[in-house]
Protein chains: 2
Amino acid sequence: MGIADRRQREKEQRKTEIIDAAERLFFSRSYEDVSMEDIAREVELNKATIYLYFKNKETLFATIVLRGIQILKEKYTECMEKQVPGIVKVVLMGQAYYQYSQEYPDYLRMIHFYGSERFSKENPCTAEIGKGYGTCRLILRDAIQEGIDDGTIRADLDPFLTSMYLMISFMGILSMENKWKLVIEAEGFSYEQFASEFFRFITPAISSGEKSHKMDVKDFASSGFFLTEPVAPEKEKRKKS
Amino acid sequence: MGIADRRQREKEQRKTEIIDAAERLFFSRSYEDVSMEDIAREVELNKATIYLYFKNKETLFATIVLRGIQILKEKYTECMEKQVPGIVKVVLMGQAYYQYSQEYPDYLRMIHFYGSERFSKENPCTAEIGKGYGTCRLILRDAIQEGIDDGTIRADLDPFLTSMYLMISFMGILSMENKWKLVIEAEGFSYEQFASEFFRFITPAISSGEKSHKMDVKDFASSGFFLTEPVAPEKEKRKKS
DNA sequence: TTTATATTATGACTGTTAGTTATACGATTT
DNA sequence: AAATCGTATAACTAACAGTCATAATATAAA
């Protein structure tokens, strides 16, 4: 009994060792630039051994992506638990996404890479990753519903659609960092400003314009609610504070 | 003289034949599922011959992506030439993107695939594709500037940032069709409604709230300006008209 | 017309990689 | 001590991007 247990534990530990080794490599190089040979060398096992633990390279990669999604889910859950109006939860979730992109840029890169085709939809991991992302969106949707109920979010919005639009926007803004950072900085913005300003841009689209809009500008802007100071439309004022 | 000309023409024709054959295959299968052998067979040439015309598979793929970008650029230019207020141009550009996604779903898929890493940034085609996309965004930025000048768009918005946010949102909304279509339809929406409703969602974020906001709702909603009728927040009204 | 030259095309090749298989090892059980 | 079972491995296959020496073909020169 104890022996079977130990063997089970050892097996799971081996699996974890493989994931850890693969993660180190996938964090530092792209999917195509990491071969199963490389991973085998990193974890000091034969390549064929890895295939005893993972069906294929895709599944191993997806397992790491799932780790990343899990962390994001936790961040969203924390936002939801805060005692603040619905619209503030929504903005907090956007900011949580931004913070995630700064804390775990490699997970985020892998998540986006996994989302971009080439990975089989039949793989059970794909469904699980989709479910993980879906959970985040559901949390966001609940926050939107709360905002509608407490009067801080436009009552005519559909919570489902709005949660989709916001998730897609968050994802888009933060998946572009590598690609468009230089363009953004060439225009005199830091990426942090770029992300922060997005919340100020989007708030009027969701705000009920009564309680919440005034609240954003007056109460939150000065108390660290937004990531940075607002950007004035004149170029001269764009320098990062 | 005439002979050199003819040979030049013939060479370019061969190149076009290769691109056309590759396009047919890349339209029907994914990047990884189309081999250079396949393309060679399709165009009835030896694989090595293709390498006389294209440096590598990436470059051939990118050449097709450029065709797609060119078409999008033309659509944006058309919107810009319309004699309408700035905010209407902006929404028209979003709709142009939607129409493009319906007319040329395969180009769009290839464009998004090209954008998702794995393709070398050193390849001159990558820069050219980036420039093509950049041109679209500049057109959008000009439309936003016009809207600010004619009072239909919030004067406190930065045209550069706003054009980025909108482009990213358009791209995001329309790159998700394959992935999230089922989720959206499970909620009782058609993808067309999903895209159309986005414009109604985003308009308050850019509208100056004076001339333009009322204009959207009163004048345009009933005259085909939006793609579909507005969606009421109740699930019962979600069926596609 | 014949020969030389340049361009275009090709079959056969290399190197790399994901994934498989037959075999060996080592711990546990009989 | 022998049989059993799970784990590990070396050697393999198949597929593919990209290369190269050689051949075929068209143009130019003799």
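This short presentation covers the contacts to DNA strand C and selected salt bridges in a predicted model.

Let me begin with the DNA. There are 20 residues around DNA strand C, and those that come nearest are Arg6(A), Lys47(A), Lys57(A), Asn46(B) and Tyr53(B). Of the strand atoms that come within 4 Å of the protein, 61% belong to sugar and phosphate. Three side chains illustrate the phosphate contacts. Lys57(A) places a side-chain N or O atom 2.8 Å from a phosphate oxygen of the strand. For Asn46(B), the distance from a polar side-chain atom to a phosphate oxygen is 2.8 Å, and for Tyr53(B) it is 2.7 Å. Helices α1 and α3 of chain A, together with α1 and α3 of chain B, each give two or more residues to this surface. The most, four residues, come from α3(B). By class, the surface comprises nine nonpolar, four polar and seven charged residues.

I turn now to the salt bridges, of which the whole structure contains 31 over all chains. In chain B, Asp20(B) and Arg67(B) form one, with their closest N and O atoms 2.8 Å apart. Asp20(B) belongs to helix α1 and Arg67(B) to helix α4, so this pair ties together parts 47 residues apart in sequence. Asp20(B) is partly exposed, at 29% relative accessible area, and Arg67(B) is also partly exposed, at 26%.

A further salt bridge links Arg118(B) to Glu32(B), at 4.0 Å between the closest N and O atoms. Both residues lie in loops, and the pair ties together parts 86 residues apart in sequence. Arg118(B) is buried at 16%, whereas Glu32(B) is partly exposed at 36%. Through shared partners, Glu32(A), Arg118(A), Glu32(B) and Arg118(B) form one salt-bridge network.

How values were computed
Residues numbered from 1 in each chain as written. Chains lettered and ligands numbered in written order. Predicted model: local features only at pLDDT ≥ 70, side-chain atom pairs only at ≥ 80, totals over all residues. Heavy atoms only, no water. Near = heavy atom within 4 Å. Polar contact = N/O pair within 3.5 Å; in protein donor to acceptor, adjacent residues only side chain to side chain. Nonpolar A, V, L, I, M, F, W, Y, C, P; charged D, E, K, R; others polar. Salt bridge = Lys/Arg side-chain N within 4 Å of Asp/Glu carboxyl O. Buried < 20%, exposed > 50% of the residue type's maximum accessible area, 1.4 Å probe, protein only.
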